[in-house]
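Colleague: I should like to go through this model with you, one topic at a time. Please give the reasoning before each value or name.

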Amino acid sequence: MRWIIGFTGLLIAAGSVSAGDNWPCFRGPSHDGQSDSTGLPTEWSETNNIGWKTEIHGRAWSSPVVWGNQVWVQTAPPDGKEMWLLCLDRESGKILRDDKLFEVEKPQEIHVTNTHASSTPVIEAGRIYAHYGAYGTACVETGTGKVLWKRNDLSCNHWRGAGSSPVRFQNLLIMHFDGYDQQYAIALNKDTGDTVWKKPRDYDFGTDDGDQKKAYCTPLIIEAAGKTQLISTAAKAILSLNPLTGDEYWRIQFKNHSGTGMPLWGHGRLYLNTGFGKADLLAVKPDGKDDVSKSHVIWTSSKSIGAKPSQILVDDLIFNVEDKGIASCIDAETGKEVWSKRLGGEFSSSIVYADRKLYFCNHDGSTWVLAPEREYRELAVNKLDKGFRATPAIAGKSLFLRSETHLYRIETK
């Protein structure tokens, strides 16, 4: 443990708060970037509507998660030789826990745009699950900081660095390992850390180049076609798996690699992002068997689709931002572009939505607040000192924004 300030260990019990009070994982309580919170801020700056601002050591793009009176983030030093997990007090921003979970003798090579701690943890009442790709995964008791179990034997050469985050389903913690040398999905028993199933990516990639076999996407679990499906984005394909066994239901194949944008689910359709090498957004019927690439794609949208930032579905509109800063609105029924607007700068953070506001955060510290409408309407543009790669969390009446150096609580005064 690095240091502790006034740790209370208090938690709000599961079921005693609404979905808008907690943000338990990447993309929030419904895994779609949305919250039912209201009263959220529209405007802020370094001197306005800042509840608190706390410096976070290291360099990491892990997004914050919020449960009860706690906010958690992962971090690592730039050299990747240590993996840390921090807990902050939600009301004051004070660091309550700062624990080193893993030491890494020989860190893997990462891309200049990535970090050694880019995955977002998953939290539930009493436990948090911190994942650092091949460096290790740990289950930690949130009230005491006690490590309940660790795994650091899941091998994978991520090559450009890990990026996908785990998801929790029933008693399972499900993760992607899509690297240069190995590509698989795996489910661990969340209580013990034991492997329940492991599913290699056993389709034809069409290449022997391991750099074309990587992916960074967090899976999504849906109920569709009479069954529970794990929608698992890999390189060159997106697969539907049985989350309890890893068995495959169906797959969509394509040419792109390094899939990052998380799938969307709504209107009885999946909206799937194909990744780098000019991303496409596909609307797909979630049934069928085996390869449904030619039979189940309803429409394809190819104009200025973001590869790293996940899209968001609000009502019958999909909102998107391309990595180089072009925002757009797409009709979810037809796939046709409704509007397009250059915002400026570069984007990695995924879009979030609550209180009839869309939030777009870019690399230079700017956040565009837009109305979710069929015409472009800008509510505000806000600027903080450092840029954003992590995706915001929303809880209560606050936005939790992680910049390159600090974690902010943004709330209307």
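The exchange below concerns a predicted model and takes up a sheet, two pockets and a serine.

Colleague: What is the strand order of the open sheet of four strands?

Modeller: The pairing within this open sheet is antiparallel. Strand E1 (50-55) and strand E31 (393-395) each have a single partner strand, so both stand at the edges with one side left without a neighbour in the sheet. On average, neighbouring strands are turned by 15° against each other, direction ignored. The order of the four strands is E1-E33-E32-E31.

Colleague: Which residue in E32 does Ile-394 stand opposite?

Modeller: E31 pairs with strand E32 (residues 398-402) in the antiparallel sense, over three bridges. Within E32, the residue that stands opposite Ile-394 is Leu-399.

Colleague: Which residues lie nearest the centre of the largest pocket?

Modeller: This pocket has a volume of about 600 Å³, and 28 residues line it. By class, the lining holds seven nonpolar, 17 polar and four charged residues. Nearest the centre lie Asn-114, Gly-163, Tyr-216, Thr-260 and Lys-308.

Colleague: How do the residues of the lining of the second largest pocket divide into nonpolar, polar and charged?

Modeller: The volume here is about 190 Å³. Among the lining residues are Pro-24, Cys-25, Trp-67, Pro-166, Glu-124 and Arg-168. The division is eight nonpolar, two polar and two charged.

Colleague: Which element gives the most to the lining of the second largest pocket?

Modeller: Two elements give two or more residues to this lining, namely strand E6 (122-124) and strand E10 (167-169). Val-122, Ile-123 and Glu-124 are among the lining residues. With three residues, the element that gives the most is E6.

Colleague: Is Ser-349 buried or exposed?

Modeller: Ser-349 is found in the loop between strand E26 (337-342) and strand E27 (352-354). Buried means under 20% relative accessible area. Ser-349 has a relative accessibility of 1%, and therefore counts as buried.

Colleague: Which backbone oxygen lies 2.7 Å from a polar atom of the side chain of Ser-349?

Modeller: A polar contact requires a pair of N or O atoms within 3.5 Å. The backbone oxygen of Arg-389 lies 3.3 Å from a polar atom of the Ser-349 side chain. The backbone oxygen that lies 2.7 Å from a polar atom of this side chain is that of Ala-390.

Technical notes
Residues are numbered from 1 along each chain as its sequence is written. This is a predicted model: local features need pLDDT of at least 70, side-chain atom pairs count only at pLDDT 80 or more; totals for chains, interfaces and linings use all residues. Side-chain values use heavy atoms; hydrogens and water are left out. Two strands pair if DSSP finds at least two bridges between them. Axes are lines fitted to C-alpha atoms, for helices over the stretch in contact, and angles run from 0 to 180 degrees between N-to-C directions. On a 1 Å grid over the protein atoms alone, a cavity is a set of points where a 1.4 Å probe fits but cannot get out, and a pocket is an open set with protein on both sides within 12 Å along at least five of seven lines; lining residues have an atom within 4 Å of a point. Grid points are joined across faces, edges and corners, and a volume is the space filled by probe spheres set on the points. Ala, Val, Leu, Ile, Met, Phe, Trp, Tyr, Cys and Pro count as nonpolar, Asp, Glu, Lys and Arg as charged, and the others, Gly among them, as polar. Buried means under 20% relative accessible area, exposed over 50%, partly exposed in between (1.4 Å probe, protein chains only). A polar contact is a pair of N or O atoms within 3.5 Å; within protein, one must be able to donate a hydrogen and the other to accept it, and residues adjacent in sequence count only if both atoms are side-chain atoms.
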